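Visitor: Please take one salt bridge as a starting point and look closely at the part of the chain around it. I would like the cut-offs stated along the way.

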Amino acid sequence: MGVGIGLLVKPGKLVKQEQVAGMQQSYQSVIEEKKMEAEHTQDQGPLAFMNDIVPNNIFHALADNSKMLQIIFFAVFFGIAALTIDPEKMAPVLKLFDGLNDIILRMIDYIIRLAPWGVAALLAGLVTDFSGDLSIFSALAVYALTVIGSMLLLAFILYPSLVHFFSGISYKRFLKTIYPVQLFAFSTSSSAVTLPLTMETVEKELDVSQEVASFVLPVGTTINMDGTSCYQSIAILFIAQVLGIDLTIGQLLTIVGMTVLSSIGTPAIPGGSYVILTMVLTSVGIPAEGLALILGIDRPLDMLRTAVNVTGDAAVATIVGSGGKRG
């Protein structure tokens with residue numbers, strides 16, 4: 001849906017090409033290199049991607065943002081193998097990864113604390129680079145409205161429809177019940193912080209058992225981030241359109257797959273999608289520096305997509321709790 005809306009609206013095309021000529025030229029070498037890699041992949045055949053997702057060297061893949069699919073494949077394969085090992089032998093490994101996860105999250109927290117100053121500098125640079133031309137800001141406004149429209153479509157049309165179809169709960173009841181959770185998620189911009197309120201609301205107001213809610217909702221906080229996935233698709237297309245990069249059907253399909261898979265690993269914290277979005281951009285041949293175009297207005301959009309994410313969690317928990325049957 002995000003890719004479809006991004007291709008339909010094309011907010012990045014509103015920027016005057018003469019204003020972004022310098023930016024396109026500075027990234028041209030990177031773009032040409034990625035085009036050559038894409039052409040080489042096409043020459044290998046339609047199933048070449050299946051070979052490409054298997055890393056020859058996992059440490060090399062970890063050091064290259066364009067190898068995101070290889071990292072995901074290794075992580076899934078590693079996890080499957082870990083499940084077959086004696087829990088006592090796996091305990092030290094789990095403690096190691098838990099510790100590394102906490103350290104990385106703290107590093108991200110420090111970066112986010114410094115982000116306002118960085119964003120101010122980026123916006124000042126944009127004003128200077130475009131000589132006060134308003135086309136970039138008009139494009140950003142349309143981009144923001146495109147993201148907002150997509151989020152509202154998910155939160156107020158798709159999710160209530162699924163809940164009504166599978167559980168029989170009316171649109172009005174579901175939206176009225178979930179509104180306080182959406183508002184809290186919007187203000188905190190964190191699915192993890194909103195989780196206790198989501199669980200309480202789903203159990204008491206939507207009649208979902210504690211057994212279902214306590215399993216589905218914590219899992220959903222980590223892996224069910226449809227709002228983030230939809231936003232990332234639109235953001236990638238916007239940056240590509242501004243930089244004048246024409247994406248192939250294969251690259252568009254890669255965007256869909258990458259945003260869905262990467263949203264599973266996005267931290268449930270404010271601004272947690274930036275790192276993942278950088279990796280997806282690099283994977284489809286778009287310079288990660290283009291992220292500077294959207295960071296200045298991303299905070300309110302981050303708040304909105306968090307509200308959408310928790311709405312999706314509540315919808316899935318309600319459907320599972322009802323047994324997938326109407327009435």
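Guide: Arg173 and Asp207 form a salt bridge, with their closest N and O atoms 3.2 Å apart; the term requires a side-chain nitrogen of Lys or Arg within 4 Å of a carboxyl oxygen of Asp or Glu. The model is predicted, and local features need pLDDT of at least 70 and side-chain atom pairs pLDDT 80 or more, whereas totals for chains, interfaces and linings use all residues. Residues are numbered from 1 along each chain as its sequence is written, and side-chain values use heavy atoms, without hydrogens and water.

Arg173 lies in helix α9 and Asp207 in the loop between α10 and α11, so the pair ties together parts that are 34 residues apart in sequence. Helices here are DSSP runs of H or I with at least four residues, strands are runs of E with at least two, and both are numbered from the N terminus. Arg173 is partly exposed, at a relative accessible area of 33%, while Asp207 is exposed, at 58%. In these terms, buried means under 20% relative accessible area, exposed means over 50%, and partly exposed lies in between (1.4 Å probe, protein chains only). Asp207 comes just after α10 and takes a positive phi of about 60°.

That leads to α10 itself. This helix covers residues 191-205 and bends by about 35° at Leu197, the bend being the angle between axes fitted to the seven residues ending there and the seven starting there. The buried residues of α10 include Ser191, Thr194, Leu195 and Thr198; Met199, Thr201 and Val202 are also among them. The buried residues pack against α9 (171-188), α11 (210-223) and α16 (298-321), where contact means heavy atoms within 4.5 Å.

A second salt bridge belongs to α10: the side chains of Glu200 and Lys204 meet at 3.4 Å, N to O. These two residues are four apart in the helix, which means that about one helical turn separates them. An α-helix has 3.6 residues a turn, so residues three or four places apart point the same way. Glu200 is partly exposed, with a relative accessible area of 41%, and Lys204 is exposed, with 58%.

On the α16 side, Arg305 and Asp302 meet in a salt bridge at 3.5 Å, N to O. Being three residues apart in α16, they too are separated by about one helical turn. Both Arg305 and Asp302 are buried. Salt bridges link Asp298, Asp302 and Arg305 in a network. A search of the whole structure gives four salt bridges.

Some figures for the chain put this part in context. The chain has 16 helices and zero strands, and 41% of its 327 residues count as buried. Of the contacts in the chain with a separation of 6 or more, 78% are between residues 24 or more positions apart. The chain exposes about 17,200 Å², with 67% of it supplied by carbon and sulfur atoms; accessible areas come from the Shrake-Rupley method with a 1.4 Å probe, and for residues only the protein chains shown count as cover.
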